[in-house]
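The following note is offered to a colleague who has not yet examined this structure. Please read the numbered points alongside the sequence and the model.

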Amino acid sequence: MTKDSHLSSKDVLESSLLHRSLTAAPAIVTKTSGPYLYLSNGEKILDGCGGAAVISVGHSNPEVVKAVSDQLSQVSYIHTSDYTTSVSEKLANKLLEKYQDKLSKVYFVNSGSEANEAAVKLATQYFFEQGKTSKSHFISRNQSYHGNCLAGLSLSGFPARRVPYEQIISDIFHKVDPAYEYRYKHKAETTEEYVKRLADQLEQEILQIGPENVAGFFAETVVGATTGCVTAPKGYFKAIQKVCQKYDVLLILDEIMCGSGRTGTFFAWEQEGIVPDITTAGKALGSGYSPLAAVFITPKIIDVLKKGSSAFVNGHTYQCFSLSSAAGLAVQTIIERDGLLTNVLEMGTYLEIKLKEKLSQFDIVGDIRGRGLFWGVEFVKDKRTLEPLDPSLKSGPKIQSLILKRGVAVYPGFGTKDGYSGDHILIAPSFDVTKDQIDIIVDTIAQGITDYIDI
Ligand SMILES: *Cc1c(COP(=O)(O)O)cnc(C)c1O
C-alpha cells in the first residue's frame, strides 16, 4: 500500500480491516488539530461532536500529546496485581479531590462497556458479600445505551444493537420506560405526576421481580446516543433514588457520554441533587488520547468489600493503564487550569440560543434539548402530533451526512421515539469551543436540514 493520501475508498473497502460496514468505506483522516479533522481528499471538517461526544480538549492537543509520549518513555506498561504508577494515583486523587465526602474509590478501565460490566459485577459482589446472593437482577430503561459487551448490551434498550444477540441476553435484565417528557408525558399530566408515574412503575417492577432479587437500577443521567441528549424531568432522579433506597437496590448512573464535564459539572448528577451508589464515566474523561473509562464508587460499597473479601473480583490486563492515566491527567489538568467547565456552561447557553434561533423555524425540527455542550435536535414529520419521519428514510443519518458534506461533523441517531422510529442529531463540541465555531456549526446544520428538505 502507498501513503495514506493515496488510499482510495476502494483500497479501504478491500483492505484486511473489518470496518463497521462491509459496503461503505469510512473517510481517511490524515491529520487532526484543535477542532478540525483533515481528510485525505483535502476536506477540512469542523468537529461539532467529537465522534460520539469524546473530545473535551480538542484534537492532537500538544500538551496531552507530550504527557502521553513522556509517560511511554517513563513507564510503558505494568501489571496492576503487583505495581502501580504515580500517574494513575494522581489521576484518581485529582478526580476524587472535590468529592471526598461522597466518593471513596475510582477504578480505571479502557471503555465504557468495560466500566458498565464492572459496575454490574461490583453491584452483584456488594450483595454477595452480605450473603444476599439472590440480589442479581438489574433494571434499566428502554431507549438507553450502556455499551456493547454483554452486560452493557443486556442493560441497553437499543433494539438495533441487540436484535442479533437476543438469544444470549439473560432474562435477569429488565426494562422500564425512559424519562422522556417530550414524547411520553401525557398532555393532561404535570411534570410532577409524570415523575410519580415513572417512579411508581420502577417500584412495581422491583416488586414484581421481588426486591430480594434486584441488585441495581441503571440509567444515563442525561440520555446520550439513543434519544439524543434527553434530560430527566425535574425531580425524577430524587424520586427514583427514593424507590431504590426503599428496596435496597443500588442506583447506578451511566455518565459515559453525559459526564466528565460535558454538561457543565464534572458529574451530571450534581445538577440532580443526588449521589448515585456507582457512577460510570468514559469518553470526554480522556478526550480520545488513550482509551480511558472509570467506575466511581461510594463509601457504602467499599465498606462492604472491606468487611468482606477486601478485593473486587474483576481484573483486566490493561486496567488502570498508565498511558491512559497520563492522558486523563493531562486532559483534566487542562480543563481545570483553563476553566473549561465555565466555557461549557457559557458556550452551552450560547449553543442553545443559536440552535433555537436558527432551527425552530423548520417544520421537521420537533424538539431541541440538552444541557451544557450536549444538545440533541429531534426531527418529526408533524410538529403537532410528534409523528416521526418514515423510519425507512433514515433521516437522522441522512441529515448528518448532508451536514458533513458541508464540512461540519454532528452525531446521527435513529430509533429516537421507541427504538425503531424517530431521528435526531447530537451536537457535542470540545469544551474549548468558541462562539465563532458554534455559529459555523449551527449555520451549517441549518443548511444541511434545508438540503434534506430540498431533496
Ligand atoms: C459510549 C457509551 C457506552 C459504551 O462505551 P464504549 O467506550 O463505547 O464501550 C456506554 N454508555 C453510554 C451512555 C455511552 O454513551
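1. Two strands are taken to pair if DSSP finds at least two bridges between them. Helices (H or I, at least four residues) and strands (E, at least two) are DSSP runs, numbered from the N terminus.

2. This is a predicted model, in which local features need pLDDT of at least 70, side-chain atom pairs count only at pLDDT 80 or more, and totals for chains, interfaces and linings use all residues. Residues are numbered from 1 along each chain as its sequence is written, and side-chain values use heavy atoms, leaving out hydrogens and water.

3. An open sheet of mixed pairing is formed by seven strands, ordered E4-E12-E11-E10-E7-E5-E6. Strands E4 (105-109) and E6 (173-176) are at the edges with a single partner strand each, so one side of each has no neighbour in the sheet.

4. Strands E10 (residues 250-255) and E11 (residues 278-281) run parallel and are joined by four bridges. Leu 253 has Thr 279 in E11 as its bridge partner.

5. Helix H11 (residues 299-307) packs on the sheet, touching E4, E10, E11 and E12 (293-297). Contact means heavy atoms within 4.5 Å.

6. In helix H4 (residues 86-96), the buried residues (under 20% relative accessible area, 1.4 Å probe, protein chains only) are Val 87, Ser 88, Leu 91, Ala 92, Leu 95 and Leu 96. Seen down the axis of H4, these fall within an arc of 155° and therefore line one face of the helix; the arc is that of the directions from the helix axis to the C-beta atoms.

7. Ser 86, Lys 90 and Asn 93, on the other side of H4, are exposed, a term meaning over 50%. The buried residues of H4 pack against helix H3 (62-74), E4, E12 and helix H12 (322-337).

How values were computed. Axes fitted to C-alpha atoms, helices over the stretch in contact; angles between N-to-C directions.
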